[in-house]
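Here are some exercises to work through with the model open beside you. Try each task on your own before reading its solution.

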Number of protein chains: 2
Amino acid sequence: MKKSDVLKKAKKAREAALALSALSGDKKDRALRAMARAMRKSKKQIITANAKDVADAGKLVQQGKMNKPLLKRLILNDQKIEEMAQGVEAVARLENPVGKVLDAIEMDENLNLYRVTCPIGVIGSVFESRPDAVPQISSLCLKSGNAVILKGGSEARRSNQVLVKILSDAAASIPGVPQDAIQIIETREDVGEMLKLDEYIDLLVPRGSNEFIRHIQNNTKIPVLGHADGICHEYVDEKADLKMALRVCLDAKVQYPAVCNAMETLLVHEKIAPRFLPPMIEKFRAAGVEVRGCAKTRKIVKDVKPAKEEDWTTEYLDLIVSIRIVNNLQEAVDHINRFGSAHTDGIITASRSAAQKFMDGVDSACVFHNASTRFSDGYRFGLGAEIGISTNKTHARGPVGLDGLVIYKYLLYGNGQTVADYSGAKAKQFTHKPIRKSKTKIL
Amino acid sequence: MKKSDVLKKAKKAREAALALSALSGDKKDRALRAMARAMRKSKKQIITANAKDVADAGKLVQQGKMNKPLLKRLILNDQKIEEMAQGVEAVARLENPVGKVLDAIEMDENLNLYRVTCPIGVIGSVFESRPDAVPQISSLCLKSGNAVILKGGSEARRSNQVLVKILSDAAASIPGVPQDAIQIIETREDVGEMLKLDEYIDLLVPRGSNEFIRHIQNNTKIPVLGHADGICHEYVDEKADLKMALRVCLDAKVQYPAVCNAMETLLVHEKIAPRFLPPMIEKFRAAGVEVRGCAKTRKIVKDVKPAKEEDWTTEYLDLIVSIRIVNNLQEAVDHINRFGSAHTDGIITASRSAAQKFMDGVDSACVFHNASTRFSDGYRFGLGAEIGISTNKTHARGPVGLDGLVIYKYLLYGNGQTVADYSGAKAKQFTHKPIRKSKTKIL
């Protein structure tokens, strides 16, 4: 695609975003249901396009240029399409995140100020391979009134193209929904162009490997929502319930090790380490986990491999765990703030005050007491849907649902007031009274 | 200052931020009151340092290298110092923005999730000239539990240095408040270094000219809170109350033209223009405003200067207004979304439905009905204090108070739950019940 074509798409997306922002929740939900219906109706077309992608990918697997799990995630069949349609319908059932009154204040009589949620504008979504991300991200963006420009993995090129065509046509079949609400770009070069369009694109939501996310973060001025690493910790305090600690730490490591909220490093208070580590390491090994430990750990369990400095900053995403013994809670907190990725970290302790000290001190998006780090997830948190997990320090943090795809605007309703009335010697005074929530229907 | 010194300060600021984040509201308020007392006690020292800055600036004015208003804003005297102290005390009286429970949900029995406000971390504040920004920004950052690195104008170098020394010593006199909570850097080169430290600095809050802000925005990966331009509009609808429109538009232009929320362009519906524009332009001229108009405007009032295309994108910050006649409301909305700066825009109309169409359609931080754009301000909005006005589409928008200096973290309290319990054939179900606000005291 030519440079100018990406720019054209971005300009159209901005136009579409302005139209989407004024759309009622009902219209958006009708568009979403139309999208689900269209996917079911066009099953054959989707599967035909997907088969070509899969065939090409199959050759890559044979040539050793692609791994099998990636190929498997690429395949769309009847069941997968039905799941995608149901996912879009589930988004339709969520509460409309736009138009919520966050604050309402009477500045003076007949001068009422409302802070109201509204869409962000244009979202850029860059993701790897899996074509099921197309309906998922498109539906979340539409529900929140944002236009979206998608770029998927090149392996799924034909599948993604067909899906975007089906989804955007279906959405636009509802009067008022613009055709350009959901668009797609194709090549790596297109992404490079998109990253420059901070004038038109308001937020990037990338999904993929750490390296991929970091590349995006380092090459754009557009705000990026997401996280690169997920280096999560559990800290077993001196006052931990040992049985609970064994169960939770095993879950945090082995329940699904390939994901960002799995534990990578286990920190243990030195007082409890001699009792806790032998059974813990036995459990890890029984589950096929490779254990790497600090010098103190290796004094307690002799045949543990040594952990190097770089282990503390490595996201294994695999059945590997590093273990470090700390002198006290503060040392655990310091280790996490220094080496962690500010994603999710937990403490196991029976002491409420120790828990609170840990939760105040750890500067991470999610801090857990007596629970597995694996709970860090939008669905488990009850957000209904998740656009991603953010380790940013602004806008949205932790698992991000529809709320992370909206911002707010201030709406002020007056009857001809001027600032001159509130200035100088005879200045009128502001009342600044909160308006009761029950009265927050604006007009 | 050497490169490595800015880095050292940033590292110290991060340490300080971790300590500040766990500080109680009471301690922070005690530190703020100590800061106010210290400024009063050290008046002489402040005035002595300031006198040297003022003397140097006086020479620059004589040489024509600095304008007089800038010199005037530089001067600190007894009254100014008292005002600064009172400003810090006013911040102490505001509600603690940290530790507020935003959401609380029971994920399951004894598995309770809280979304709680917390500080962002390290704020970088770069501003021009005025030394009174030092106590103001420092107090807002401390109140919100953030460490701050300040860089003021070189003209105020000595004043700023003394103020930072007094404020940080006073704050650190309260046990638990770190010495490095408030730091200062000196040179333009230091700022260049600071802009690179996205690993340590979480948010930049620049204040100054459009050019200055744009320079910051274009040269850092750190999120920037603020706005470059303030190109604000009033649109006089066909159904406007003419007397109200005259009064509000005059206020929006002349009450204080040098600020970002003053009106720069006036849009007028063609049906009302023949009746509205002659008296409006007469009023503008009586107030010393230069009027520039589109071709249609100049047919109605003959001796108006022609407005050029570039007038629609110019922030005059002066007694100049550009006027454009539009065919309808949508054309006004389109003009604002195309040429405006998404800061503050208003409609004057007696029609509620026209107002709502305008407020839905205009993609600006603040959209007003029958009120002067000049109301767009943190104090007038009742935020208590203002760190700046943001035209960003993420994090914070419009006038930003203490709420814009905090983010949130998720705190999960369990009793040993694992994700394995909620997976597979015998999976436990999440309850996802909201926890009543009255029960949101966590521990």
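**Exercise 1. A residue and its surroundings**

In which strand of chain B is the place of Ile123(B)? Decide also whether Ile123(B) is buried or exposed, and find what it touches away from its sequence neighbours.

*Solution.* Keep in mind that this is a predicted model.

Step 1: Ile123(B) belongs to strand S3, residues 122-126 of chain B.

Step 2: The relative accessible area of Ile123(B) is 0%. Buried means under 20%, so Ile123(B) is buried.

Step 3: Leaving out residues up to four places away in sequence, Ile123(B) touches Cys141(B), Asn146(B), Ala147(B), Val148(B), Ile149(B), Ile201(B), Leu203(B), Val205(B) and Leu405(B).

Step 4: For a distance to try yourself, take the C-alpha atoms of Ile123(B) and Ile222(B): they are 9.9 Å apart, with their positions 99 residues apart along the chain.

**Exercise 2. The sheet around that strand**

Work out the strand order of the open four-stranded sheet in chain B, and say which strands lie at its edges.

*Solution.*

Step 1: The order is S5-S4-S3-S6 in chain B, with parallel pairing.

Step 2: Strand S5 (182-184) and strand S6 (203-204) of chain B each pair on one side only, which makes them the edge strands.

Step 3: Look at one pairing in detail. Strand S4 (residues 147-151) of chain B is joined to S5(B) by three bridges in the parallel sense. Within this pairing, Leu150(B) has Ile184(B) in S5(B) as its bridge partner.

**Exercise 3. A sheet shared by two chains**

Trace the open sheet of eleven strands from one edge to the other, then inspect the place where it passes between chains.

*Solution.*

Step 1: Strands of a sheet pair through backbone hydrogen bonds, either parallel or antiparallel.

Step 2: The order here is S10(A)-S9(A)-S11(A)-S8(A)-S7(A)-S12(A)-S13(A)-S16(B)-S2(B)-S1(B)-S17(B), and the pairing is mixed. Its edge strands are strand S10 (305-306) of chain A and strand S17 (433-434) of chain B.

Step 3: At the crossing, strand S13 (residues 366-371) of chain A runs parallel to S16(B), and five bridges join them. His369(A) is found opposite Tyr413(B) in S16(B).

Step 4: Further along, strand S1 (residues 101-108) and strand S2 (residues 111-119) of chain B are antiparallel, with six bridges. Asp108(B) faces Leu111(B) in S2(B).

**Exercise 4. The interface as a whole**

How many residues does each chain bring to the contact? Describe the buried area and the polar links as well.

*Solution.*

Step 1: Chain B contributes 73 residues and chain A contributes 73 residues.

Step 2: About 6000 Å² is buried between chain B and chain A, and carbon and sulfur atoms give 58% of that area.

Step 3: The two chains share two salt bridges. One of them links the side chains of Asp363(B) and Arg14(A), at 3.9 Å from N to O. There are also 41 residue pairs in polar contact between the chains, both residues being at pLDDT 80 or more.

Step 4: On the side of chain B that touches chain A, strand S16 (residues 406-417) of chain B gives the largest share, eleven residues. That side has 37 nonpolar, 23 polar and 13 charged residues.

**Exercise 5. Chain A in outline**

Sum up chain A by its helices and strands, its extent and its burial.

*Solution.*

Step 1: Chain A has 14 helices and 17 strands.

Step 2: Its C-alpha trace spans about 75 × 75 × 35 Å along the principal axes.

Step 3: Chain A has 443 residues, of which 57% count as buried.

Terms used:
Residues are numbered from 1 along each chain as its sequence is written. Chains are lettered from A and ligands numbered from 1 in the order in which they are written. This is a predicted model: local features need pLDDT of at least 70, side-chain atom pairs count only at pLDDT 80 or more; totals for chains, interfaces and linings use all residues. Side-chain values use heavy atoms; hydrogens and water are left out. Buried means under 20% relative accessible area, exposed over 50%, partly exposed in between (1.4 Å probe, protein chains only). Contact means heavy atoms within 4.5 Å. Buried area is the accessible area (1.4 Å probe) that two parts lose on being put together, summed over both. A salt bridge is a side-chain nitrogen of Lys or Arg within 4 Å of a carboxyl oxygen of Asp or Glu. A polar contact is a pair of N or O atoms within 3.5 Å; within protein, one must be able to donate a hydrogen and the other to accept it, and residues adjacent in sequence count only if both atoms are side-chain atoms. Ala, Val, Leu, Ile, Met, Phe, Trp, Tyr, Cys and Pro count as nonpolar, Asp, Glu, Lys and Arg as charged, and the others, Gly among them, as polar. Two strands pair if DSSP finds at least two bridges between them.
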